[in-house]
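Let's take a walk through this one together, stopping at a few spots along the way. Have the viewer open and follow along.

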Amino acid sequence: MMHGWTAFWEVVSSPGRLIFGGWEFMLAWLWTRPWGLLVAILLLPLSGLSFMLIASQATWFRSQEAALTQYWNLIDAELANHPATQSDEPALVLEAPVTPYADLLLERVLRLDRSNTRANYLVATQLAKIGRVGQARFMLRQIAGESTAGFAPAHAWLAVDRATRLGVNSQTEKNLLLHDLEVALQWEGLGAPMRSLYADLLVSEGRVSEALTVLANAANTTPRLWLKVAAVANSTNRTDDFTRAAQKIRERVDPRVNDKTADVADYTDMANLSLLEQKPDDAIRWSQRGLALATDDAVLKRTLSEAYRAKYISESDFANHSFRLELLDAALKADGSNPGVTQEIAKLIGLGQDVSSELDAALREKLTSGQATALTHVLLARRQIIDGRLEEAVGHLEIARQISPLSPIILNNLGVALARTAPDDKEKLTRAEQLLRTALRISRDDGKAELYDSLGEILLTEGKTLEAVESLEAALALDNTRLNTRRQLAIAYRKVGLIEIAEIQEAYVAAHSPNNPSDNTPGGKEEQAK
C-alpha cells in the first residue's frame, strides 16, 4: 500500500512524468484497440442510410415524372371529346367549361411542377373562362413574351384576345398582334380565321408576298382558303398567284360538281371566284345552284346580291341615265342588307332634278303594270319626300319594307318619315325608334353615321334628349363633316343647358355651310347616302 501511494505521489509531484505517462498510456490504448472493426460497424448503417436516401430520391423523381405523365394522359383524354375542340379557334378551346375532374388534374400538375408551361397555359385559359381575363393575360404573357418567341398556343390565345376583345388602336398594338400571330403560326392548332387575319395584317403592312405564302401554306391543309388567296392576289394584281389559286379551287370543286357531291360551300366558292373574275352571270348561276340546296344561306344570298349588283353596274349607262333597275332590284331582293346595294340605291336617290322625271316615268310605268318592286317604291318615295308629300312617301316605304324587311335604307327612311308625319303620336315615334335600332343592328359601320343621325332626330322628337345627344355624337364620331347632325346636336345641347357647347356647334355650321346647303331642303336628309 505504501509503495502505491509513493508511486502516485512521485507522478503527481512531477508534472513532466505525469504528462509523459499519460501520453504513453493513450498511445498504448489506441494501438491496442480494434478500430477497423469499429469503423466497419459504424460505416455499415451509415452506408445503408445513404443508399436508402439516394434510392428514395431517385424513386421520387421517377414517381413525379410518372405522375405528371399520367396526369397529362388523363387531361388529354378529358379534353379529347370536349365540344370546343371543334372550334375554328383552338386557342380559345378552354374558355368553354371543362369537367371538374380536368380542373383537379391541372391543379395537381402545378403542385408537382409550378413552372410547367402547358399547365400554366391551361390554367390561364380556365381563368379567362370564369371571367378573370386580366389575370389570364398576365399569366400567358409570362410564357409568351412581347418580343420573344414563347409557348405558341399562348401567343395564339393572346392574338385572338387582341383581335376579338381588346382591338387594335395603335401601331404598337398592331405590331404586338403581328408578333403573336407570327409565333402562333408555328402551332398547328391555329385556326384558319386567325391565319386569314394574319394575312390581312401583312397586306396592310405592304408584305403581300408573305401574306400569300401564309395563306397558300394554310390552304394546303384547309383548301377553302384558296379563295382567300385568290381575293388577295386579285386585289394586289398578282396574276400568277390568282391563276394558281383559281386552278386549285376548280381542281377541288369540279369533280364534286360532276359526281353531284358538291355542297353549299363549294357553290359559294365558285360564285365568289366568278365575281373575282368579273363574270357576274356565272356568279348568279353558281349562287342559285347553292341556294337550291340551302335556301336561307346568308353567305350565298349576299353573294347572289353582289352578282346582280355587279351585273347592274356593268350593264347600266350612267352617263345617259339608263339604268338596269330590274337587276338592282334583284340584288335588293336577294339580300336587302347588302351595303353595296344600299350604296347604289343611295346614288339613285341622290340624282339631280335633271333626271328625276326620267326615273319617275320608268318607275310609274312599273307601278301601273303591276311590276313595282321594293326599289320602285323606295325611289317613288324619294320623289314624294322632295315634294313634301310625306304621308304618300310613308305608304311606299311601308310596301318596300314588306318586300325587303332587312334593308337599312328602307328602315331608315321609313323611320324618319313616320317621325316627321306624326311628331305627337307616341306609338308611331316608338315604332320609328325601333326601326332605326333594327337598321343599326344589321348595318355595317360604313353606313351607321346616317342611321345614328336619324335615330338622334327621332329621340329628340320623343323628348329623350340625353339619348339623342349620345346618338348624334356617335354619328359625328363616324363622320364629323355632317352639318345637319351638328344642327340637331346644337338643339339637343341647348335643351340640356349646355349653351356654350351648342354655340360651338352652331358656329361650326355657320362657317362650313354652303350658300344653298342641300340638307336644308325639305326631305333632303333622306337623299344622303345611307
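Tyr267 and Trp286 are both buried. Keep in mind as you look that this is a predicted model. The ring centres of Tyr267 and Trp286 are 5.9 Å apart and their planes meet at 35°, so this pair counts as tilted. Tyr267 belongs to helix H13 (residues 264-276) and Trp286 to helix H14 (residues 280-293), so the pair links distant parts of the chain, 19 residues apart. Trp286 has another partner, too: the charged end of Arg285 sits over its ring, 4.9 Å from the centre. You can find a similar arrangement at Tyr508, where the charged end of Arg486 sits over the ring, 3.8 Å from its centre.

How many aromatic pairs does a search of the whole structure find? It finds two. Besides Tyr267 and Trp286, there is the pair of Tyr121 and Phe151, which is edge-to-face, with 5.5 Å from centre to centre and 70° between the planes. Tyr121 sits in helix H5, while Phe151 is in the loop between H6 and H7, so this pair ties together parts that are 30 residues apart in sequence. Tyr121 is buried, at a relative accessible area of 5%, whereas Phe151 comes out as partly exposed, at 24% relative accessibility.

From Phe151, step on to helix H7, which covers residues 152-166. Does its length fit what you'd expect, and which number should you check? At 1.5 Å a residue, the 15 residues of H7 should span 21 Å, and the end C-alpha atoms are 20 Å apart, which agrees. Of those 15 residues, 11 are buried, so H7 is largely enclosed by the rest of the structure. The buried ones are Ala152, Pro153, Ala154, His155, Ala156, Trp157, Leu158, Ala159, Val160, Asp161 and Arg162. As for what covers them, look for helices H5 (117-129), H6 (133-142), H8 (171-184) and H9 (192-204), among others. Just past the end of H7, Gly167 takes a positive phi of about 80°.

Now jump further along the chain to Gly340, in helix H17 (residues 339-349). Is this glycine buried or exposed? With a relative accessibility of 9%, Gly340 counts as buried. Setting aside neighbours within four places in sequence, Gly340 is in contact with Glu306 and Arg309. Glu306 is 34 residues away along the chain, yet the C-alpha atoms of Gly340 and Glu306 are separated by 7.4 Å.

Another spot to visit is Ser404, in the loop between helix H20 (390-403) and helix H21 (408-421). Although it is in a loop, Ser404 counts as buried, at 5% relative accessibility. Which residues does Ser404 contact, leaving aside neighbours within four places in sequence? They are Leu332, Gly336, Ala374 and Ile410.

Finally, zoom out to the chain as a whole. Its secondary structure comes to 26 helices and zero strands. Of the 530 residues, 43% count as buried. Take the contacts between residues at least 6 apart in sequence: 54% of them join residues at least 24 apart. The accessible surface comes to about 28,400 Å², and 56% of that belongs to carbon and sulfur atoms.

Conventions
Residues are numbered from 1 along each chain as its sequence is written. This is a predicted model: local features need pLDDT of at least 70, side-chain atom pairs count only at pLDDT 80 or more; totals for chains, interfaces and linings use all residues. Side-chain values use heavy atoms; hydrogens and water are left out. Helices (H or I, at least four residues) and strands (E, at least two) are DSSP runs, numbered from the N terminus. The expected span of a helix is 1.5 Å times one less than its number of residues. Buried means under 20% relative accessible area, exposed over 50%, partly exposed in between (1.4 Å probe, protein chains only). Contact means heavy atoms within 4.5 Å. Rings of Phe, Tyr and Trp (its six-membered ring) pair if their centres lie within 6.5 Å; planes under 30 degrees apart count as stacked, over 60 as edge-to-face and the rest as tilted. A charge sits over a ring if NZ of Lys or CZ of Arg is within 6 Å of the ring centre and within 35 degrees of the ring normal. Accessible areas come from the Shrake-Rupley method with a 1.4 Å probe; for residues, only the protein chains shown count as cover.
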